[in-house]
Amino acid sequence: MAPPRRTSVSSKSWAWLGLLAAGSIWSCHCFANLWEDLFSSPDQWVDHRAGKKTRQFPDFKRKTDGKALWIDNEKTPAWVEEKLNVEGNLWTSISSKDDLWQDLIDSPHDWEDFRTKK
């Protein structure tokens, strides 16, 4: 009887598996750092919560590199939702697009006009 045939796993496959395993640990730490960055540098982030059409679209996106954050992600630290709901916090949820327009009218200096850059 012949011994069972072994399938070879290429070094690329092992490298990929290593990246996946390391990535899961890295991403938890990375997500916490991104959330901290959201609160420490809010001008570098865009809040997409009011205009989200699907759950796949991120709640926040960093302007410089496009890094994205979702509030309901399993890797989101527990302290985030509480910090988002603190009264007076910049990231307190905006309920509708109408509120965004009203904010633009009330506080135009808080907004950047990108129309000339199109």
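Trainee: What pattern does the protein follow when read along the sequence?

Mentor: In this predicted model, the protein follows the pattern α-β-β-β-α-α along its sequence, with three helices and three strands.

Trainee: And how are the strands arranged in the sheet, in what order?

Mentor: The three strands form an open sheet in the order β1-β2-β3, and the pairing is antiparallel. At the edges stand β1 (45-47) and β3 (68-69), each with a single partner strand, so one side of each is left without a neighbour in the sheet.

Trainee: How many bridges join β2 to β3?

Mentor: Two bridges join these antiparallel strands, β2 and β3, and, looking at individual residues, Lys61 stands opposite Ala68 in β3.

Trainee: Switching to the interior, which residues make up the largest nonpolar core?

Mentor: The largest nonpolar core has 11 residues, namely Cys30, Phe31, Leu34, Trp35, Leu38, Phe39, Trp45, Phe60, Leu69, Val80 and Leu84. Helices α1 and α2 each supply at least two residues of this core, and the largest share, six residues, comes from α1.

Trainee: Leu69 is on that list, so where is Leu69 found?

Mentor: Leu69 is found in strand β3, and at 0% relative accessibility it counts as buried.

Trainee: Which residues does Leu69 touch?

Mentor: Not counting residues up to four places away in sequence, Leu69 touches Phe31, Leu34, Trp35, Leu38, Trp45, Pro58, Asp59 and Phe60. Of these contacts, the one with Phe31 can also be described by the backbone, since Leu69 and Phe31 are 38 residues apart in sequence and 7.7 Å apart in space, C-alpha to C-alpha.

Trainee: OK, aromatics next: how many aromatic pairs does the structure hold?

Mentor: The structure holds two aromatic pairs. In one of them, the rings of Trp35 and Phe60 have their centres 5.8 Å apart and their planes at 80 degrees, so the pair is edge-to-face.

Trainee: Which parts of the chain does the pair of Trp35 and Phe60 link?

Mentor: The pair links distant parts of the chain, with Trp35 in helix α1 (residues 11-40) and Phe60 in strand β2 (residues 60-62), 25 residues apart. Trp35 and Phe60 are both buried.

Trainee: What about Phe39 and Trp79, what kind of aromatic pair do they form?

Mentor: Phe39 and Trp79 form a tilted pair, with 6.0 Å from centre to centre and 50 degrees between the planes. Phe39 lies in helix α1 and Trp79 in helix α2 (residues 79-84), so this pair ties together parts that are 40 residues apart in sequence.

Trainee: Is Trp79 buried, exposed or in between, and which of these is Phe39?

Mentor: Phe39 is buried, with a relative accessible area of 16%, whereas Trp79, at 34% relative accessibility, counts as partly exposed.

Trainee: What sits over the ring of Phe39?

Mentor: The charged end of Lys83 sits over the ring of Phe39, 4.8 Å from its centre.

Trainee: Now for the acidic residues: is Asp37 buried or exposed?

Mentor: Asp37, which lies in helix α1, is buried, with a relative accessible area of 19%. The cut-off matters for that assignment, because buried means under 20% relative accessible area. Asp37 touches Pro42, Trp45 and Arg62, not counting residues up to four places away in sequence.

Trainee: And Asp98, buried or exposed?

Mentor: Asp98 is found in helix α3 (residues 97-106), and at 59% relative accessibility it counts as exposed. Asp98 and Ala50 are 48 residues apart in sequence and 9.6 Å apart in space, C-alpha to C-alpha.

Trainee: Zooming out, how much of the protein counts as buried?

Mentor: Of the 118 residues of the protein, 20% count as buried. The accessible surface of the protein comes to about 9500 Å², of which 57% belongs to carbon and sulfur atoms.

Trainee: Last one: what share of the contacts comes from residues 24 or more positions apart?

Mentor: Among the contacts in the protein with a separation of 6 or more, residues 24 or more positions apart account for 44%.

Key
Residues numbered from 1 in each chain as written. Predicted model: local features only at pLDDT ≥ 70, side-chain atom pairs only at ≥ 80, totals over all residues. Heavy atoms only, no water. Phe/Tyr/Trp six-rings, centres within 6.5 Å; stacked < 30°, edge-to-face > 60°. Helix = DSSP H or I, 4+ residues; strand = E, 2+ residues; numbered from the N terminus. Buried < 20%, exposed > 50% of the residue type's maximum accessible area, 1.4 Å probe, protein only. Lys NZ or Arg CZ within 6 Å of the ring centre and 35° of its normal. Core = buried A, V, L, I, M, F, W, Y, C linked by side-chain atoms within 4.5 Å. Contact = heavy atoms within 4.5 Å. Areas by Shrake-Rupley, 256 points an atom, 1.4 Å probe, with all protein chains shown as cover. Pairing = 2+ DSSP bridges.
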